[in-house]
Amino acid sequence: MSLEFTLETRVGAARAGQLITPHGEIETPVFMPVGTGGTVKAVPQEVLEELGVQILLGNTYHLYLRPGVETIRRFGGLHGFMSWPRAILTDSGGFQVFSLNELRKVNEEGVTFRSHLDGSSHFFSPENSMAAQIGIGADIIMAFDECTEYPADRARTQASMELTLRWAERSKKYFDEHTREVPWKSRQPSAVSPQPNQIPRFARNDKFDESSTQSLFGIVQGGMDLDLRKESAERTVEIGFPGYAIGGLSVGEPRERTREVVEETLRYLPADKPRYLMGVGTPEEIVQYANLGVDMMDCVLPTRAARHGLLFTSEGKISIKQARYAQDSGPLDPNCDCRVCRRYSRAYLRHLYASNEVLAQVLNTIHNLSFYLDTMRRVRHSISLGEESRFLSSVWSRPKP
Ligand SMILES: [Zn+2]
(Lines give C-alpha, C1' and ligand atoms only; values in the text may rest on other atoms or scores of the structure.)
Protein backbone atom coordinates (compact mmCIF):
# COMPACT_ATOMS: atom_id res chain seq x y z
CA MET A 1 0.00 0.00 0.00
CA SER A 2 1.49 3.34 -1.02
CA LEU A 3 -1.44 5.68 -1.60
CA GLU A 4 -5.05 5.71 -0.56
CA PHE A 5 -7.64 8.16 -1.81
CA THR A 6 -11.09 8.51 -0.28
CA LEU A 7 -13.77 10.94 -1.32
CA GLU A 8 -15.88 12.21 1.55
CA THR A 9 -18.24 14.79 0.04
CA ARG A 10 -19.24 15.97 -3.40
CA VAL A 11 -21.05 19.13 -4.40
CA GLY A 12 -21.73 19.27 -8.12
CA ALA A 13 -18.36 18.42 -9.67
CA ALA A 14 -16.40 19.55 -6.58
CA ARG A 15 -15.04 16.91 -4.21
CA ALA A 16 -13.50 16.89 -0.75
CA GLY A 17 -11.46 13.90 0.29
CA GLN A 18 -8.31 12.51 1.83
CA LEU A 19 -5.15 11.36 0.19
CA ILE A 20 -3.05 9.18 2.46
CA THR A 21 0.64 8.87 1.62
CA PRO A 22 3.54 7.15 3.40
CA HIS A 23 4.42 10.60 4.84
CA GLY A 24 1.05 11.66 6.14
CA GLU A 25 -2.45 12.53 5.28
CA ILE A 26 -3.51 15.28 2.87
CA GLU A 27 -6.93 16.86 2.85
CA THR A 28 -8.12 17.57 -0.69
CA PRO A 29 -8.59 19.76 -2.62
CA VAL A 30 -5.08 20.83 -1.67
CA PHE A 31 -2.73 23.62 -2.69
CA MET A 32 0.91 22.49 -2.82
CA PRO A 33 3.55 25.20 -2.30
CA VAL A 34 6.49 24.92 -4.68
CA GLY A 35 9.83 24.09 -3.04
CA THR A 36 11.89 24.25 -6.20
CA GLY A 37 15.39 23.37 -5.01
CA GLY A 38 14.58 21.76 -1.65
CA THR A 39 13.21 24.98 -0.13
CA VAL A 40 10.07 27.04 -0.44
CA LYS A 41 12.06 30.22 -1.02
CA ALA A 42 12.39 32.36 2.15
CA VAL A 43 10.31 30.09 4.43
CA PRO A 44 11.82 27.62 6.96
CA GLN A 45 10.24 24.18 7.22
CA GLU A 46 8.90 24.76 10.76
CA VAL A 47 6.89 27.74 9.49
CA LEU A 48 5.48 25.63 6.63
CA GLU A 49 4.37 23.12 9.29
CA GLU A 50 2.77 25.89 11.29
CA LEU A 51 0.92 27.09 8.17
CA GLY A 52 -0.53 23.60 7.83
CA VAL A 53 1.28 22.60 4.62
CA GLN A 54 0.61 18.88 4.15
CA ILE A 55 2.47 18.37 0.88
CA LEU A 56 5.28 20.23 -0.90
CA LEU A 57 6.38 20.14 -4.52
CA GLY A 58 10.04 19.67 -5.48
CA ASN A 59 11.47 20.20 -8.98
CA THR A 60 13.46 17.25 -10.30
CA TYR A 61 15.29 19.40 -12.86
CA HIS A 62 16.66 21.79 -10.22
CA LEU A 63 17.48 19.08 -7.64
CA TYR A 64 19.16 16.92 -10.29
CA LEU A 65 21.45 19.80 -11.28
CA ARG A 66 22.05 20.97 -7.69
CA PRO A 67 22.87 19.34 -5.23
CA GLY A 68 22.50 16.20 -7.39
CA VAL A 69 20.45 13.06 -6.84
CA GLU A 70 23.24 11.07 -5.15
CA THR A 71 23.64 13.63 -2.36
CA ILE A 72 19.91 13.61 -1.69
CA ARG A 73 19.77 9.82 -1.77
CA ARG A 74 22.49 9.60 0.89
CA PHE A 75 20.22 11.52 3.26
CA GLY A 76 17.38 9.06 2.76
CA GLY A 77 15.83 11.21 0.04
CA LEU A 78 14.52 14.76 0.04
CA HIS A 79 12.49 14.22 3.25
CA GLY A 80 15.70 13.53 5.18
CA PHE A 81 17.86 16.05 3.31
CA MET A 82 15.55 19.03 3.91
CA SER A 83 14.16 17.69 7.20
CA TRP A 84 10.58 17.65 5.97
CA PRO A 85 8.60 14.78 7.51
CA ARG A 86 5.39 15.35 5.54
CA ALA A 87 4.49 14.40 1.98
CA ILE A 88 6.41 15.53 -1.13
CA LEU A 89 5.59 15.40 -4.85
CA THR A 90 8.20 15.83 -7.58
CA ASP A 91 7.59 16.78 -11.20
CA SER A 92 9.40 14.85 -13.93
CA GLY A 93 11.78 17.60 -15.03
CA GLY A 94 10.06 17.78 -18.42
CA PHE A 95 8.42 21.14 -17.82
CA GLN A 96 11.64 22.90 -16.71
CA VAL A 97 13.53 21.45 -19.67
CA PHE A 98 10.73 22.92 -21.80
CA SER A 99 10.61 26.33 -20.12
CA LEU A 100 14.28 26.98 -19.28
CA ASN A 101 15.98 25.55 -22.37
CA GLU A 102 15.48 27.11 -25.75
CA LEU A 103 18.22 24.88 -27.14
CA ARG A 104 16.71 21.55 -26.03
CA LYS A 105 16.69 18.66 -28.54
CA VAL A 106 13.84 16.18 -28.31
CA ASN A 107 13.91 12.74 -29.94
CA GLU A 108 12.20 9.40 -29.29
CA GLU A 109 14.76 8.50 -26.62
CA GLY A 110 14.45 11.69 -24.56
CA VAL A 111 15.58 15.30 -24.31
CA THR A 112 19.10 16.72 -24.48
CA PHE A 113 19.38 20.07 -22.75
CA ARG A 114 21.89 22.51 -21.32
CA SER A 115 21.99 23.41 -17.65
CA HIS A 116 20.80 26.96 -17.06
CA LEU A 117 23.47 27.13 -14.32
CA ASP A 118 26.69 26.39 -16.21
CA GLY A 119 25.75 25.44 -19.76
CA SER A 120 26.75 21.78 -19.27
CA SER A 121 24.93 19.22 -21.41
CA HIS A 122 22.46 16.72 -19.88
CA PHE A 123 19.96 14.12 -21.03
CA PHE A 124 16.55 13.23 -19.58
CA SER A 125 14.63 10.16 -20.70
CA PRO A 126 11.61 8.50 -19.08
CA GLU A 127 14.04 6.02 -17.48
CA ASN A 128 16.50 8.49 -16.02
CA SER A 129 13.74 10.88 -14.91
CA MET A 130 12.27 7.93 -12.98
CA ALA A 131 15.73 7.03 -11.61
CA ALA A 132 16.21 10.64 -10.46
CA GLN A 133 12.74 10.82 -8.89
CA ILE A 134 13.24 7.49 -7.12
CA GLY A 135 16.56 8.77 -5.72
CA ILE A 136 14.91 12.02 -4.58
CA GLY A 137 12.25 9.85 -2.96
CA ALA A 138 9.04 11.94 -3.10
CA ASP A 139 5.81 10.19 -2.10
CA ILE A 140 4.26 11.00 -5.48
CA ILE A 141 6.32 11.20 -8.66
CA MET A 142 5.32 12.11 -12.21
CA ALA A 143 5.69 10.33 -15.54
CA PHE A 144 8.14 11.98 -17.96
CA ASP A 145 6.17 13.96 -20.53
CA GLU A 146 6.61 16.52 -23.25
CA CYS A 147 4.86 19.80 -22.54
CA THR A 148 3.45 20.88 -25.92
CA GLU A 149 4.28 24.50 -26.72
CA TYR A 150 1.56 27.11 -27.32
CA PRO A 151 0.43 27.74 -29.98
CA ALA A 152 0.85 24.42 -31.82
CA ASP A 153 -1.08 23.06 -34.81
CA ARG A 154 -3.05 19.84 -34.61
CA ALA A 155 -0.42 17.62 -36.28
CA ARG A 156 2.30 18.87 -33.94
CA THR A 157 0.02 18.56 -30.88
CA GLN A 158 -0.93 15.00 -31.83
CA ALA A 159 2.69 13.94 -32.42
CA SER A 160 3.67 15.42 -29.06
CA MET A 161 0.76 13.67 -27.31
CA GLU A 162 1.74 10.32 -28.87
CA LEU A 163 5.33 10.81 -27.66
CA THR A 164 4.06 11.55 -24.13
CA LEU A 165 1.96 8.35 -24.23
CA ARG A 166 4.96 6.24 -25.27
CA TRP A 167 7.02 7.92 -22.54
CA ALA A 168 4.25 7.20 -20.02
CA GLU A 169 4.52 3.47 -20.81
CA ARG A 170 8.30 3.60 -20.44
CA SER A 171 8.05 5.61 -17.20
CA LYS A 172 5.65 3.07 -15.71
CA LYS A 173 7.75 0.09 -16.80
CA TYR A 174 10.94 1.52 -15.27
CA PHE A 175 9.12 2.60 -12.10
CA ASP A 176 7.53 -0.84 -11.58
CA GLU A 177 10.91 -2.54 -11.96
CA HIS A 178 12.72 -0.20 -9.54
CA THR A 179 10.07 0.68 -6.99
CA ARG A 180 12.01 -0.92 -4.10
CA GLU A 181 14.99 1.40 -4.60
CA VAL A 182 13.37 4.33 -2.79
CA PRO A 183 15.98 5.56 -0.25
CA TRP A 184 13.64 6.13 2.75
CA LYS A 185 15.32 3.49 4.90
CA SER A 186 18.92 4.26 4.01
CA ARG A 187 18.93 7.63 5.73
CA GLN A 188 22.20 8.85 7.24
CA PRO A 189 21.96 10.07 10.82
CA SER A 190 21.03 13.74 10.61
CA ALA A 191 21.39 16.63 13.03
CA VAL A 192 17.78 16.45 14.05
CA SER A 193 15.00 13.96 13.68
CA PRO A 194 11.48 15.19 13.04
CA GLN A 195 9.16 15.10 16.03
CA PRO A 196 6.12 12.82 15.68
CA ASN A 197 3.76 15.82 15.98
CA GLN A 198 5.25 17.32 12.80
CA ILE A 199 3.74 14.49 10.80
CA PRO A 200 0.02 15.06 10.21
CA ARG A 201 -1.96 12.03 11.38
CA PHE A 202 0.86 9.83 10.19
CA ALA A 203 -0.43 6.87 8.32
CA ARG A 204 1.69 4.18 9.93
CA ASN A 205 -1.06 1.67 10.40
CA ASP A 206 -1.80 -1.69 8.87
CA LYS A 207 -2.08 -0.08 5.43
CA PHE A 208 1.36 1.51 5.53
CA ASP A 209 4.38 -0.43 6.67
CA GLU A 210 8.04 -0.72 5.86
CA SER A 211 7.18 -1.90 2.36
CA SER A 212 5.26 1.27 1.48
CA THR A 213 6.81 3.07 -1.42
CA GLN A 214 6.27 5.85 -3.97
CA SER A 215 3.34 6.31 -6.35
CA LEU A 216 3.64 7.28 -10.02
CA PHE A 217 1.04 9.56 -11.62
CA GLY A 218 0.37 9.78 -15.37
CA ILE A 219 0.09 13.14 -17.18
CA VAL A 220 -2.55 14.06 -19.76
CA GLN A 221 -1.34 16.27 -22.63
CA GLY A 222 -3.03 17.17 -25.94
CA GLY A 223 -2.49 20.93 -26.09
CA MET A 224 -5.60 23.07 -26.49
CA ASP A 225 -7.35 20.50 -28.70
CA LEU A 226 -10.34 19.06 -26.84
CA ASP A 227 -10.49 15.85 -28.92
CA LEU A 228 -6.82 15.17 -28.30
CA ARG A 229 -7.27 15.89 -24.58
CA LYS A 230 -10.02 13.25 -24.51
CA GLU A 231 -7.84 10.76 -26.37
CA SER A 232 -4.82 11.49 -24.19
CA ALA A 233 -6.90 11.08 -21.01
CA GLU A 234 -8.46 7.79 -22.14
CA ARG A 235 -5.19 6.27 -23.27
CA THR A 236 -3.30 7.42 -20.15
CA VAL A 237 -6.04 5.86 -17.99
CA GLU A 238 -5.68 2.67 -20.04
CA ILE A 239 -1.98 2.49 -19.12
CA GLY A 240 -3.15 2.71 -15.51
CA PHE A 241 -1.88 4.98 -12.74
CA PRO A 242 -3.02 5.63 -9.12
CA GLY A 243 -3.56 9.33 -10.00
CA TYR A 244 -3.66 11.60 -13.03
CA ALA A 245 -2.30 15.04 -13.77
CA ILE A 246 -3.38 17.57 -16.37
CA GLY A 247 -0.24 19.07 -17.86
CA GLY A 248 0.56 21.49 -20.66
CA LEU A 249 -1.56 24.37 -19.37
CA SER A 250 -0.60 27.89 -18.26
CA VAL A 251 1.75 28.02 -21.25
CA GLY A 252 0.44 31.34 -22.59
CA GLU A 253 -3.13 30.44 -23.58
CA PRO A 254 -6.09 32.64 -22.56
CA ARG A 255 -7.47 31.72 -19.13
CA GLU A 256 -10.89 30.90 -20.55
CA ARG A 257 -9.22 28.26 -22.73
CA THR A 258 -7.43 26.77 -19.70
CA ARG A 259 -10.76 26.35 -17.92
CA GLU A 260 -12.36 24.73 -20.97
CA VAL A 261 -9.52 22.24 -21.39
CA VAL A 262 -9.54 21.38 -17.67
CA GLU A 263 -13.30 20.87 -17.66
CA GLU A 264 -13.20 18.65 -20.74
CA THR A 265 -10.22 16.58 -19.57
CA LEU A 266 -11.75 15.93 -16.14
CA ARG A 267 -14.73 14.21 -17.80
CA TYR A 268 -12.43 11.39 -18.92
CA LEU A 269 -10.51 10.87 -15.69
CA PRO A 270 -11.72 8.24 -13.20
CA ALA A 271 -13.72 9.78 -10.35
CA ASP A 272 -12.10 7.56 -7.72
CA LYS A 273 -8.51 8.66 -8.46
CA PRO A 274 -6.84 11.95 -7.45
CA ARG A 275 -6.65 14.61 -10.17
CA TYR A 276 -3.78 17.06 -10.19
CA LEU A 277 -3.81 20.27 -12.24
CA MET A 278 -0.20 21.33 -12.75
CA GLY A 279 1.06 24.90 -12.43
CA VAL A 280 -2.09 27.00 -11.81
CA GLY A 281 -3.24 29.69 -10.80
CA THR A 282 -4.50 32.87 -9.05
CA PRO A 283 -6.57 32.56 -5.83
CA GLU A 284 -9.77 33.03 -7.89
CA GLU A 285 -8.68 30.32 -10.31
CA ILE A 286 -7.77 27.71 -7.71
CA VAL A 287 -11.28 28.07 -6.26
CA GLN A 288 -12.73 27.71 -9.75
CA TYR A 289 -10.68 24.59 -10.54
CA ALA A 290 -11.59 22.99 -7.20
CA ASN A 291 -15.24 23.57 -8.13
CA LEU A 292 -14.62 21.77 -11.43
CA GLY A 293 -13.38 18.69 -9.52
CA VAL A 294 -9.60 19.16 -9.33
CA ASP A 295 -8.06 17.66 -6.14
CA MET A 296 -4.45 18.92 -6.23
CA MET A 297 -2.85 22.13 -7.51
CA ASP A 298 0.51 23.84 -7.35
CA CYS A 299 1.71 27.24 -8.45
CA VAL A 300 4.77 29.45 -8.00
CA LEU A 301 2.55 32.53 -8.06
CA PRO A 302 2.09 33.13 -4.28
CA THR A 303 5.80 32.73 -3.54
CA ARG A 304 7.14 34.47 -6.64
CA ALA A 305 4.68 37.38 -6.41
CA ALA A 306 5.56 37.80 -2.71
CA ARG A 307 9.21 38.33 -3.56
CA HIS A 308 8.11 41.10 -5.92
CA GLY A 309 6.01 42.76 -3.25
CA LEU A 310 2.66 41.61 -4.71
CA LEU A 311 0.40 40.41 -1.95
CA PHE A 312 -2.96 38.66 -2.16
CA THR A 313 -5.52 39.81 0.38
CA SER A 314 -9.24 39.40 1.01
CA GLU A 315 -9.60 42.97 -0.25
CA GLY A 316 -7.73 42.37 -3.48
CA LYS A 317 -4.13 42.41 -4.66
CA ILE A 318 -1.74 44.88 -3.01
CA SER A 319 1.58 46.19 -4.29
CA ILE A 320 3.29 46.87 -0.97
CA LYS A 321 5.95 49.09 -2.55
CA GLN A 322 3.42 51.89 -3.11
CA ALA A 323 3.99 55.13 -1.18
CA ARG A 324 0.35 55.11 -0.02
CA TYR A 325 1.25 52.42 2.54
CA ALA A 326 4.17 54.38 4.05
CA GLN A 327 2.10 55.60 7.01
CA ASP A 328 -0.50 52.81 7.06
CA SER A 329 -0.65 51.32 10.57
CA GLY A 330 -3.21 48.67 9.65
CA PRO A 331 -2.46 44.97 9.07
CA LEU A 332 -1.75 43.75 5.56
CA ASP A 333 -5.08 41.92 5.48
CA PRO A 334 -7.59 42.57 8.29
CA ASN A 335 -9.25 39.21 7.54
CA CYS A 336 -6.03 37.18 7.69
CA ASP A 337 -4.94 35.43 10.85
CA CYS A 338 -1.38 34.66 9.77
CA ARG A 339 1.60 35.52 11.96
CA VAL A 340 2.51 38.44 9.66
CA CYS A 341 -0.93 40.06 9.69
CA ARG A 342 -1.21 39.54 13.47
CA ARG A 343 2.03 41.36 14.14
CA TYR A 344 3.18 43.84 11.50
CA SER A 345 1.78 46.99 9.88
CA ARG A 346 1.57 47.74 6.17
CA ALA A 347 3.94 50.66 6.81
CA TYR A 348 6.60 48.31 8.23
CA LEU A 349 6.19 45.79 5.38
CA ARG A 350 6.42 48.63 2.88
CA HIS A 351 9.58 49.93 4.58
CA LEU A 352 11.22 46.46 4.51
CA TYR A 353 10.43 46.05 0.83
CA ALA A 354 11.57 49.55 -0.13
CA SER A 355 14.83 49.02 1.80
CA ASN A 356 15.42 45.69 0.09
CA GLU A 357 15.56 43.87 3.44
CA VAL A 358 15.68 40.05 3.37
CA LEU A 359 12.88 39.99 5.94
CA ALA A 360 10.51 41.51 3.35
CA GLN A 361 10.73 38.32 1.27
CA VAL A 362 10.23 36.13 4.34
CA LEU A 363 7.16 37.95 5.66
CA ASN A 364 5.57 38.54 2.24
CA THR A 365 5.92 34.87 1.31
CA ILE A 366 4.51 33.66 4.63
CA HIS A 367 1.41 35.83 4.15
CA ASN A 368 0.82 34.87 0.51
CA LEU A 369 1.17 31.16 1.27
CA SER A 370 -1.11 31.53 4.24
CA PHE A 371 -3.66 33.25 1.99
CA TYR A 372 -3.58 30.42 -0.58
CA LEU A 373 -3.76 27.68 2.07
CA ASP A 374 -6.60 29.49 3.80
CA THR A 375 -8.43 29.81 0.48
CA MET A 376 -8.25 26.04 0.02
CA ARG A 377 -9.33 25.42 3.62
CA ARG A 378 -12.42 27.54 2.96
CA VAL A 379 -13.13 25.64 -0.22
CA ARG A 380 -12.88 22.31 1.63
CA HIS A 381 -15.04 23.63 4.39
CA SER A 382 -17.79 24.76 2.04
CA ILE A 383 -17.70 21.48 0.10
CA SER A 384 -18.04 19.59 3.38
CA LEU A 385 -21.08 21.75 4.20
CA GLY A 386 -22.53 20.86 0.82
CA GLU A 387 -22.01 24.31 -0.67
CA GLU A 388 -20.18 25.37 -3.77
CA SER A 389 -17.44 27.85 -2.87
CA ARG A 390 -17.34 31.29 -4.34
CA PHE A 391 -14.33 33.51 -4.27
CA LEU A 392 -14.99 37.02 -2.94
CA SER A 393 -18.48 36.17 -1.73
CA SER A 394 -20.07 34.92 1.47
CA VAL A 395 -17.55 32.10 1.81
CA TRP A 396 -14.72 34.42 1.14
CA SER A 397 -15.21 37.52 3.27
CA ARG A 398 -16.03 37.26 6.88
CA PRO A 399 -18.98 39.35 7.99
CA LYS A 400 -17.80 42.66 9.40
CA PRO A 401 -18.53 42.94 13.13
ZN1 LIG B 1 -1.64 37.35 6.54
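Colleague: Is Cys336 buried or exposed?

Modeller: In this predicted model, Cys336 counts as buried because its relative accessibility is 9%, under the 20% limit.

Colleague: What about Cys338, buried or exposed?

Modeller: Cys338 counts as buried, because its relative accessibility is 5%.

Colleague: Which protein atoms are the donors of the zinc ion?

Modeller: The donors are SG of Cys336, SG of Cys338, SG of Cys341 and ND1 of His367. They lie 2.1 to 2.3 Å from the zinc ion.

Colleague: What is the geometry of that site?

Modeller: The site is tetrahedral, and the angles among its 4 donor atoms run from 98 to 117 degrees. For four tetrahedral donors, the ideal angle is 109.5 degrees.

Colleague: How are the donor residues spaced in sequence?

Modeller: The spacing is C-x1-C-x2-C-x25-H.

Colleague: Let us turn to helix H14. How many residues does it have, and how far does it reach?

Modeller: Helix H14 covers residues 358-384, which is 27 residues. From its first C-alpha to its last it reaches 39 Å, close to the 39 Å expected at 1.5 Å a residue.

Colleague: How many residues of H14 are buried?

Modeller: In H14, 19 of the 27 residues are buried, so the helix is mostly covered.

Colleague: What follows H14?

Modeller: Gly386 follows H14, and its phi is positive, near 85 degrees.

Colleague: And on the other side, where does Asn356 lie?

Modeller: Asn356 lies in the loop between helix H13 (346-354) and H14. Its phi is near 60 degrees, a positive value in a residue other than glycine. Most residues other than glycine have a negative phi. Asn356 counts as exposed because its relative accessibility is 68%, over the 50% limit.

Colleague: Which other residue, not a glycine, has a positive phi of about 55 degrees?

Modeller: That residue is Ser83. Ser83 lies in the loop between helix H4 (78-81) and strand S6 (87-90). At 25% relative accessibility, Ser83 counts as partly exposed.

Colleague: Now the interior. How many residues are in the largest nonpolar core?

Modeller: That core has 81 residues, and those with the most contacts inside it are Leu48, Val262, Leu277, Tyr289 and Met297. H14 supplies the largest share of this core, 10 residues. Apart from it lies another core of 19 residues, including Leu57, Ile140, Phe217 and Ile219.

Colleague: What does Leu277 touch, leaving aside residues up to four places away in sequence?

Modeller: Leu277 touches Ile246, Leu249, Val262, Tyr289, Val294, Met296, Met297 and Asp298.

Colleague: Which peptide bonds are cis?

Modeller: The bond from Thr28 to Pro29 is cis, with omega near 0 degrees. The bond from Tyr150 to Pro151 is also cis, with omega near -5 degrees. Most peptide bonds are trans.

Colleague: Where do Pro29 and Pro151 lie?

Modeller: Pro29 lies in the loop between strand S3 (24-28) and strand S4 (30-32). Pro151 lies in the loop between strand S10 (140-142) and helix H7 (154-178).

Colleague: One last residue: where is Ser2 found?

Modeller: Ser2 is found in the segment before strand S1 (4-11). Ser2 counts as buried because its relative accessibility is 15%. The side chain of Ser2 reaches the backbone nitrogen of Thr213 at 3.0 Å. Not counting residues up to four places away in sequence, Ser2 touches several others, among them Ile20, Pro22, Phe208 and Thr213.

Key: Residues are numbered from 1 along each chain as its sequence is written. This is a predicted model: local features need pLDDT of at least 70, side-chain atom pairs count only at pLDDT 80 or more; totals for chains, interfaces and linings use all residues. Side-chain values use heavy atoms; hydrogens and water are left out. Helices (H or I, at least four residues) and strands (E, at least two) are DSSP runs, numbered from the N terminus. The expected span of a helix is 1.5 Å times one less than its number of residues. Buried means under 20% relative accessible area, exposed over 50%, partly exposed in between (1.4 Å probe, protein chains only). Donors are N, O and S atoms within 2.8 Å of the metal (3.2 Å for Na, K and Ca); water is not among the atoms, so sites may look incomplete. Four donors count as tetrahedral if all angles lie between 85 and 135 degrees; four count as square planar and six as octahedral if opposite donors are over 155 degrees apart and all others between 65 and 115; anything else is irregular. A nonpolar core is a set of buried Ala, Val, Leu, Ile, Met, Phe, Trp, Tyr and Cys residues joined through side-chain atoms within 4.5 Å. Contact means heavy atoms within 4.5 Å. A polar contact is a pair of N or O atoms within 3.5 Å; within protein, one must be able to donate a hydrogen and the other to accept it, and residues adjacent in sequence count only if both atoms are side-chain atoms.
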